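These are my notebook entries from a session of looking up strands, sheets and overall make-up. I wrote them down in the order in which I went through the model.

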Amino acid sequence: MARFLCIFVLLVMAGCASLTKGTTQQISIDTPGVPGASCTLTSQGIGSKIVVTPGTLILDKSQHNVAVTCKKECFQDGVGVIAASTEAMAAGNIIAGGVVGLAVDAATGAMNKYNDVNQIAMVPVQGCKARG
């Protein structure tokens, strides 16, 4: 009975980050001084998403970095990368959830995170006059 209880507790605790932090994350994108830019975010983990600045969106967590390209008339494209990093709690998951917990969090992306606030610089094109 004690063995069954131990196994049950380990399985329940498996995937701690999945339960406490979730598999998605809200991030914000801004282009300081250039509101209304259209930014495309792409990665193997999230596919392709579009947001207009300043804006927020929900991303599926992944181990893959997210490439960002922002466009607006009379500005050079702004580019950047939102790096994926590992949550600090992932190390504790080995103790609490063992290999099973670590595998669950790795598979769901829950052990990863992105910067919450992201700024992409955009430079004006000299002499350009916006239409409209």
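Entry 1. In which sense do strand E5 and E6 pair, and over how many bridges? I noted beforehand that I am reading a predicted model. Strand E5, which covers residues 66–71, pairs with E6 in the antiparallel sense, and I found five bridges between these two strands. I then looked up one position in this pairing and found that Cys-70 has Gly-78, in E6, as its bridge partner.

Entry 2. I went on to the other pairing that I wanted to see in detail, that of strand E2, residues 38–43, with E3, and found that the two run antiparallel and are joined by six bridges. Here Ser-43 stands opposite Gly-47, which belongs to E3. The connection from E2 to E3 is a hairpin that passes through three residues.

Entry 3. I next asked which sheet these strands belong to, and I found an open sheet of four strands, in the order E3-E2-E5-E6, with antiparallel pairing. Strand E3 (47–52) and strand E6 (78–82) are at the edges and each has a single partner strand, so one side of each is left without a neighbour in the sheet. From one strand to the next, the twist of this sheet averages 20°. As a reminder to myself, strands of a sheet pair through backbone hydrogen bonds, in either a parallel or an antiparallel way.

Entry 4. I then looked up the three-stranded sheet, which is also open, has the order E4-E1-E9 and shows mixed pairing. Its edge strands are strand E4 (55–60) and strand E9 (117–119), each of which pairs on one side only. On average, and with direction ignored, neighbouring strands of this sheet are turned by 30° against each other. Within it, strand E1, residues 24–30, pairs with E4 in the antiparallel sense over six bridges, and Ile-29 stands opposite Gly-55 in E4.

Entry 5. Last, I stepped back to the whole protein, in which I counted three helices and nine strands, and whose pattern along the sequence reads α-α-β-β-β-β-β-β-β-α-β-β. Of the 132 residues in the protein, 33% are buried. For the contacts with a separation of 6 or more, I noted that 67% are between residues 24 or more positions apart. The protein exposes about 7900 Å², and carbon and sulfur atoms supply 61% of that area.

Note on methods. Residues numbered from 1 in each chain as written. Predicted model: local features only at pLDDT ≥ 70, side-chain atom pairs only at ≥ 80, totals over all residues. Heavy atoms only, no water. Pairing = 2+ DSSP bridges. Axes fitted to C-alpha atoms, helices over the stretch in contact; angles between N-to-C directions. Buried < 20%, exposed > 50% of the residue type's maximum accessible area, 1.4 Å probe, protein only. Contact = heavy atoms within 4.5 Å. Areas by Shrake-Rupley, 256 points an atom, 1.4 Å probe, with all protein chains shown as cover.
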